[in-house]
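Okay, thanks for squeezing me in. I'll put the model up, and then talk through the overall dimensions of one chain and a sheet in the other.

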Amino acid sequence: MSAALQTTAQGFLSRYEGLRTQLPGDAAVRDRAAEALRAAGLPSVRQEAWRYTNLRPLADLPFAEPIGPVDGAEALAARLPQIDAPRLVMVNGRMRQDLSRLDVPEGLRVSAFADAPTLADLPADAPMGALNTMLAEDGAMIEATGEAGTLVLASLGTDVAGRAVAFHPRHRIRVASGASLVLLEVSLGQGAYLHNPVFEIDVAEDGLLVHVRLQQESAAAFHLATVFAEVAKDGTYDFFTLNLGARLARCEARARLSGTGAIVYLNGAQMLDGQQLGDITTVVAHDAPACASRQTVKNVLSGHARGVFQGRIDVARVAQKTDGYQMNQALLLSPDAEIDSKPQLQIYADDVKCSHGATVGELDANQLFYLRSRGVPEMEARGILVRAFLSEALDAVADQRLRAVLEDALTARWAEAA
Amino acid sequence: MLKIENLSARVEEKPILKGLTLSVAPGEIHAIMGPNGSGKSTLAHVLSGREGYEVTGGSATYNGVDLLALEPEERAAAGLFLAFQYPVELPGVGNANFLRTALNAIRRAHGEPELDAVQFLKLARAEMKRLAMPDDMLKRNVNVGFSGGEKKRNEILQMAVLKPSLAILDETDSGLDIDALRIVAEGVNAMRGPEFSAIVITHYQRLLDHIVPDFVHVLADGRIQRSGGPELAHELEASGYAGVLSEAEAA
């Protein structure tokens with residue numbers, strides 16, 4: 001860890017010392033997380049799991065403390081996608097009842113972490129998770145016990161009086177046996193901030209959780225999300241992330257298939273430009289027989305943008321008849337754009353089907369000429385081909401309402417970049 | 001009016017067009033025939049602005065405008081249309097959306113109002129009916145999974161919708177069975193009029209039985225070697241390029 005990041009980690013640790021007695025939940029769990037952070041520090045590029053994503057720029061932000069009152073959250077809330085569903089709105093990591101609409105159906109329970117905090121230890125190799133455990137103040141507790149419909153979970157982030165802030169919401173989502181929930185998670189904001197959420201997700205037997213993320217953080221923001229999902233027998237966790245915003249974003253999704261017949265989808269797309277860095281890291285642990293995992297991640301990178309995809313699939317000895325598939329594709333729109341793609345398959349069972357692939361390319365000159373020869377101006381033609389490339393990734397989002405939300409976000413982002 | 005004067009062009013250092021001269025007046029259909037490698041497709045690509053072709057001499061103007069200085073999309077807005085010999089597949093792009101985007105881009109360039117989805121579909125369906133194309137061709141991705149004949153008909157549909165004033169058909173007849181050939185020819189004939197001209201590039205006289213040209217030119221070694229009326233196509237069919245070209249040399 002660089003000396004500068006060391007200072008940043010120290011800053012978080014002293015913040016914890018100051019807040020320790022006021023923070024909700026089990027102090028022993030927080031203390032252990034603080035100890036881990038003190039020992040390991042913030043992730044460095046010397047660690048294999050963080051090789052391509054350098055957090056050094058985080059050290060340039062002096063995070064203000066404590067987080068003061070927030071102005072202008074209503075204006076940010078107005079930018080949220082308008083869909084007819086209950087929504088839970090957090091501002092700088094704290095639940096805002098006044099911006100939320102919690103008229104939830106029977107079969108769905110929603111509450112604030114701060115009201116009933118239950119903190120559990122996270123795996124030791126999750127440094128951002130440790131930071132979250134140490135400093136989490138609030139979050140969403142969501143429980144689906146029947147057909148729970150669609151819920152929007154929104155994070156609005158903003159600097160406070162021009163100073164950067166850091167917030168670490170802790171979300172817990174449980175889908176009971178046979179229950180189902182569609183969660184649209186949106187992050188957006190203004191100014192400089194660090195949004196470091198942790199999701200603890202449990203999908204019980206025959207349960208279904210569709211988790212669609214739309215990451216539209218401010219251009220000065222850092223977004224470091226870690227998802228821990230466990231899927232029981234015949235359960236399905238259907239995850240999709242669309243990364244459009246933030247100066248540096250990492251979405252690390254870890255899913256464990258713990259019961260026979262469980263299915264996990266970890267799909268995603270990112271469209272980045274300028275100096276943006278977007279990292280999608282997945283870890284799928286096949287710990288039971290006859291489970292399936294599917295991953296398709298597509299990247300569109302222009303300017304000096306960098307995309308990172310790290311996909312690990314671990315197949316335990318017991319996980320016979322595993323069916324795993326992983327594909328990462330990148331479209332580079334400028335000579336200075338870069339993609340780092342790293343598949344990692346560790347297979348200890350002998351009767352499995354696992355495949356992975358990666359492609360990198362530019363826009364097809366023939367296709368571009370075909371469109372232009374029909375009168376379509378070059379920028380518009382490029383936009384059409386980029387959207388066509390991404391539409392295949394978006395096909396993974398079966399819910400037409402959510403897909404439309406993602407399409408609109410892509411259109412707006414492309415128009416903004418052009 | 002298309003005026004090509006003494007046009008020379010090369011591809012990767014290799015000269016292909018070597019001083020080609022051709023004028024196409026409004027309302028005229030010109031057929032260009034010639035052996036493989038004579039420069040037929042290069043002419044089509046240079047006129048439509050494809051990258052990779054270097055113009056080394058001469059000029060091409062359309063209605064007085066220097067065609068060679070325009071971007072491909074500006075040429076389309078000026079009224080030029082190229083029916084591709086090998087239509088390009090666009091996975092993830094719907095045919096209807098593609099066609100409407102193109103039409104509206106050209107309408108925008110002309111200062112005309114854009115068509116909404118309903119107006120467009122009405123127009124496209126009418127043209128498709130005339131071309132005996134099934135409705136579902138609009139719903140499919142552009143040329144993806146189309147048969148050879150469907151791809152060529154899709155080119156003609158685009159032409160019918162975009163209504164160019166000058167169409168270049170680059171071996172549109174290749175790979176077509178006789179029924180598809182007739183449909184394609186009818187599509188072109190339907191456009192004929194005082195405001196429409198076309199250059200029909202073909203190997204075979206067959207297409208010219210259906211699209212009867214006003215002029216036939218024989219292109220070989222990068223230049224027009226002989227010009228004549230529709231009867232020249234029949235002469236070519238009877239005696240082959242070698243026969244017709246040696247006659248041109250002798251004359």
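So, chain A: for 418 residues, a compact globule should come out with a radius of gyration near 22 Å, and chain A has 21 Å, so the two agree. Bear in mind that this is a predicted model. The C-alpha trace of chain A spans about 65 × 50 × 45 Å along its principal axes. As for burial, 60% of the 418 residues in chain A count as buried. The accessible surface of chain A is about 15,600 Å², with 50% of that belonging to carbon and sulfur atoms.

What about contacts along the chain? Taking those in chain A with a separation of 6 or more, 84% come from residues 24 or more positions apart. And in secondary structure, chain A has seven helices and 21 strands.

Now over to chain B, and the sheet I wanted to show you. It's an open one, six strands with mixed pairing, and the order runs β6-β9-β10-β3-β11-β12. Which strands sit at the edges? That's β6, residues 80-83, and β12, residues 223-228, of chain B, each pairing on one side only. On average, neighbouring strands in this sheet are turned by 20° against each other, ignoring direction.

Let's zoom in on one pair. Strand β9 of chain B, residues 166-170, runs parallel to β10 of chain B, residues 197-202, over five bridges. If you want a register point, B:A167 has B:A198 in β10(B) as its bridge partner. And then there's helix α5 of chain B, residues 148-162, packing on the sheet and touching β6 and β9 of chain B. The direction of that helix makes about 165° with that of β6(B).

Definitions and conventions
Residues numbered from 1 in each chain as written. Chains lettered and ligands numbered in written order. Predicted model: local features only at pLDDT ≥ 70, side-chain atom pairs only at ≥ 80, totals over all residues. Heavy atoms only, no water. Pairing = 2+ DSSP bridges. Helix = DSSP H or I, 4+ residues; strand = E, 2+ residues; numbered from the N terminus. Axes fitted to C-alpha atoms, helices over the stretch in contact; angles between N-to-C directions. Contact = heavy atoms within 4.5 Å. Rg over C-alpha atoms; globule rule 2.2 N^0.38 Å. Buried < 20%, exposed > 50% of the residue type's maximum accessible area, 1.4 Å probe, protein only. Areas by Shrake-Rupley, 256 points an atom, 1.4 Å probe, with all protein chains shown as cover.
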